[in-house]
Amino acid sequence: VQLQASGGGLVQAGGSLRLSCAASRLVVSISNMSWYRQGPGKQRELVAVISSDASTNYADSVKGRFTISRDNAKNTVYLQMNSLKPEDTAVYYCRAVQYARVYWGQGTLVTVSS
């Protein structure tokens, strides 16, 4: 199983970015897919999750600004991030749970300048 995260970069506060997580040898539509992040000097935290039934949940800090979605045809999960704040600066990781097995992708760095 491979999870390929991309889309990170440098953006000014108030800007937007879209992260992608492309999965191989794993089917996103039947998996519990989530995005985590780890900021400088902080522990890794859950940002958003989309379940196999397409229900979604978000950390309070990103509600109303971030949207998690998936494209079953492309076997890819997205994280649309709007109204970015400097405190959103972190390495963002894609995580998948399928048949009780947990898989992590490599991180993609998001830097939000003030």
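This is a short talk through one structure, from its core out to its surface.

Okay, thanks everyone. Before anything else, keep in mind that what you're looking at is a predicted model.

Let's start inside. The largest nonpolar core has 28 residues, and the members touching the most other members are Met33, Trp35, Leu79, Met81 and Tyr92. Where does that core draw its residues from? Quite a list of strands gives two or more residues each: E1 (2–6), E3 (17–24), E4 (32–38), E5 (45–50), E7 (66–71), E8 (76–81), E9 (90–98) and E11 (108–113).

If you want one residue to click on, try Met33. Setting aside anything within four places in sequence, its contacts include Leu3, Cys21, Ala48, Ile68, Val77 and Cys94. Leu26 and Val28 are on the Met33 list as well, and both of those names will come back in a minute.

Now, charges. As a reminder, side chains of opposite charge can pair when their charged atoms come close. This model has four salt bridges, and I'll go through three of them.

Take Glu45 and Arg37 to begin with. Their side chains meet at 2.7 Å, N to O. The two ends sit in rather different settings: Glu45 is partly exposed at 35% relative accessible area, whereas Arg37 is buried at 6%.

Next up, Lys63 and Asp60, with their side chains meeting at 3.1 Å, N to O. Buried or exposed, this pair? Lys63 counts as exposed, at 51% relative accessibility. That's just past the cut-off, because exposed means over 50%. Asp60 is exposed too, at 66%.

Then there's Asp88 with Arg65, a salt bridge at 2.8 Å, N to O. Asp88 is in the loop between E8 and E9, while Arg65 is in the loop between strand E6 (56–58) and E7, so this pair ties together parts that lie 23 residues apart in sequence. And here both partners are buried. What do these residues have to do with the Glu45 pair I showed you a moment ago? Well, salt bridges with shared partners join Arg37, Glu45, Arg65 and Asp88 into one network.

Let's move over to the loop between E3 and E4. Leu26 is found there, and so is Ile30. Which of these is buried, and which is partly exposed? Leu26 is buried, with a relative accessible area of 3%. Ile30 comes out at 43%, which counts as partly exposed.

Here's what Leu26 is doing in there. Leaving out neighbours within four places, it's in contact with Val1, Ser31, Met33, Asn75, Ala96, Gln98 and Tyr103. So there's our core residue Met33 again. To give you a sense of distance across the model, Leu26 and Ser114 are 88 residues apart in sequence and 38 Å apart in space, C-alpha to C-alpha.

Ile30, meanwhile, belongs to a nonpolar surface patch with Val27 and Tyr99. Together those three have about 330 Å² of accessible area.

Now look at Gln98, over in strand E9. Gln98 counts as buried, at 11% relative accessibility. What does its side chain reach? The backbone nitrogen of Val27, at 3.2 Å. Beyond four places in sequence, Gln98 touches Leu26, Val27, Ile30, Ser31 and Tyr103. Two of the patch residues, Val27 and Ile30, are on that list.

While we're in this area, have a look at Ala73, in the loop between E7 and E8. Ala73 is exposed, with a relative accessible area of 77%. And here's Val28 coming back: Ala73 and Val28 are 45 residues apart in sequence, yet 9.7 Å apart in space, C-alpha to C-alpha.

Last stop is Thr108, in strand E11. Thr108 is buried, with 9% relative accessible area. A polar atom of its side chain lies 3.1 Å from the backbone nitrogen of Gly8. Around Thr108, leaving out residues up to four places away, you'll find Ala5, Ser6, Gly7, Gly8, Leu19, Ala90, Val91 and Tyr92. Tyr92 should ring a bell: it was named among the core members touching the most others.

So, to wrap up, I'd click on three things. Try Met33 for the core, the Arg37, Glu45, Arg65 and Asp88 network for the charges, and Gln98 with its side chain reaching Val27. That's it from me.

Conventions:
Residues numbered from 1 in each chain as written. Predicted model: local features only at pLDDT ≥ 70, side-chain atom pairs only at ≥ 80, totals over all residues. Heavy atoms only, no water. Core = buried A, V, L, I, M, F, W, Y, C linked by side-chain atoms within 4.5 Å. Buried < 20%, exposed > 50% of the residue type's maximum accessible area, 1.4 Å probe, protein only. Helix = DSSP H or I, 4+ residues; strand = E, 2+ residues; numbered from the N terminus. Contact = heavy atoms within 4.5 Å. Patch = residues over 30% accessible without salt bridge, like charges linked within 9 Å, V, L, I, M, F, W, Y side chains within 5 Å. Areas by Shrake-Rupley, 256 points an atom, 1.4 Å probe, with all protein chains shown as cover. Polar contact = N/O pair within 3.5 Å; in protein donor to acceptor, adjacent residues only side chain to side chain.
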